[in-house]
Amino acid sequence: MESSALYNERDLFQRIAQGDAQAFATFYDAYAVKLALYVSRFLGSELWAEEIVHDTFLKLWSIRETLTTVENPAAFVYRMIANRVKDHLKHQEHEVKLQQHLVRYLQHANTTQDLLDYQIGEKLYRQAVQQLPAQRALVYKMRHEEGMSYDEIARELELSRHTVRNLLNLALKDIRNYLLQHGDITGAVALIFFLK
């Protein structure tokens, strides 16, 4: 026999599938905090947990038409969250390896060509930052040149932490793309991927 909670969740999913924003808000209110606590235990970061939960619910809304066949909504959402956490951890592992590569590269950059390559990469990097749209450039410089935290940037610019994170991610993508399009990758490759 179905529990009333499971029945209610299925009913909410049926309504969400039909585009009922109130049903979506009800489901969000019931699970967002629990899911953020669940994710933060794995990542040790409330900010990343909030972002993953937010992105998961955006994804849920974007696929709402498919929710009519979901038997256990809570399990479905927890599985979506687990997949996002797994992807996030893989990305973090990749970034750490690239940062380690940069450190090794710079420790052994003792030839004139190595230093010249690095200088070329640094020049391209500065050009890439100059090409950023104004708000992205401002947020990027506040974070990476002035060392301000996300919260400090958000307060000063009157933005949410989530918006600050999004602007930084967009700036980093723009910088990487610029470096890949305009540079000889030999000297700048570590610099490109170190940017995070």
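# A tour of an all-helix chain

Among the contacts in the protein chain with a separation of 6 or more, 65% are between residues 24 or more positions apart. Keep in mind while looking around that this is a predicted model. With the whole chain displayed and coloured by secondary structure, you will find nine helices and zero strands, so that the order of elements from the N terminus reads α-α-α-α-α-α-α-α-α. Of the 196 residues in the protein chain, 37% are buried.

**Stop 1: helices H2 and H3.** Select residues 21–43, which form helix H2, together with residues 46–62, which form helix H3; their axes come within 8 Å and cross at roughly 145°, and the crossing is right-handed. To see the contact itself, show side chains on both helices: the H2 side includes Phe 24, Phe 27, Tyr 28, Tyr 31, Leu 35, Val 39 and Ser 40, while the H3 side includes Trp 48, Ile 52, Val 53, Phe 57, Leu 60 and Trp 61. Coloured by residue class, the residues of this contact divide into 17 nonpolar, one polar and one charged.

**Stop 2: H3 alone.** Now hide H2 and place a distance monitor between the end C-alpha atoms of H3, which are 24 Å apart; this agrees with the 24 Å that its 17 residues should span at 1.5 Å a residue. The buried residues of H3 are Leu 47, Trp 48, Ala 49, Glu 51, Ile 52, Val 53, Thr 56, Phe 57 and Leu 60, a list in which Glu 51 and Thr 56 are worth picking out alongside the hydrophobic side chains.

**Stop 3: Ser 40.** Bring H2 back and centre on Ser 40, which lies in that helix. Is Ser 40 buried or exposed? Its relative accessible area is 18%, and because the cut-off for a buried residue is under 20%, Ser 40 counts as buried. Setting aside neighbours within four places in sequence, its contacts are Ser 45, Glu 46 and Ala 49.

**Stop 4: Asp 20.** Step back along the chain to Asp 20, in the loop between H1 and H2. Asp 20 is partly exposed, with a relative accessible area of 25%. Not counting residues up to four places away in sequence, Asp 20 touches Arg 15 and Trp 61. If you also select Arg 64, which is 44 residues away along the chain, the C-alpha atoms of Asp 20 and Arg 64 turn out to be separated by 9.7 Å.

**Stop 5: the nonpolar cores.** Which residues have the most contacts inside the largest nonpolar core? They are Phe 13, Phe 27, Phe 57 and Leu 60, in a core of 27 residues. The elements that give two or more residues to this core are helix H1 (4–17), H2, H3 and helix H4 (73–107), and the largest share, nine residues, comes from H2. Centre next on Phe 13, which, leaving aside its neighbours within four places in sequence, is in contact with Phe 27, Leu 60, Leu 67, Val 70, Pro 73, Phe 76 and Val 77. A second, separate core has 22 residues, among them Ala 137, Met 142, Ile 175 and Leu 179.

**Stop 6: helix H8.** Finish by selecting residues 161–182, helix H8, whose 22 residues reach 31 Å from the first C-alpha to the last, close to the 32 Å expected at 1.5 Å a residue. Buried residues in H8 include Leu 167, Leu 168, Ala 171, Leu 172, Ile 175 and Leu 179, and also Arg 165 and Arg 176. Ile 175 and Leu 179 are the residues to keep highlighted here, as both belong to the second core.

Technical notes:
Residues are numbered from 1 along each chain as its sequence is written. This is a predicted model: local features need pLDDT of at least 70, side-chain atom pairs count only at pLDDT 80 or more; totals for chains, interfaces and linings use all residues. Side-chain values use heavy atoms; hydrogens and water are left out. Axes are lines fitted to C-alpha atoms, for helices over the stretch in contact, and angles run from 0 to 180 degrees between N-to-C directions. Helices (H or I, at least four residues) and strands (E, at least two) are DSSP runs, numbered from the N terminus. A crossing is left-handed if the near helix is turned anticlockwise from the far one by less than a right angle, and right-handed if clockwise. Contact means heavy atoms within 4.5 Å. Ala, Val, Leu, Ile, Met, Phe, Trp, Tyr, Cys and Pro count as nonpolar, Asp, Glu, Lys and Arg as charged, and the others, Gly among them, as polar. The expected span of a helix is 1.5 Å times one less than its number of residues. Buried means under 20% relative accessible area, exposed over 50%, partly exposed in between (1.4 Å probe, protein chains only). A nonpolar core is a set of buried Ala, Val, Leu, Ile, Met, Phe, Trp, Tyr and Cys residues joined through side-chain atoms within 4.5 Å.
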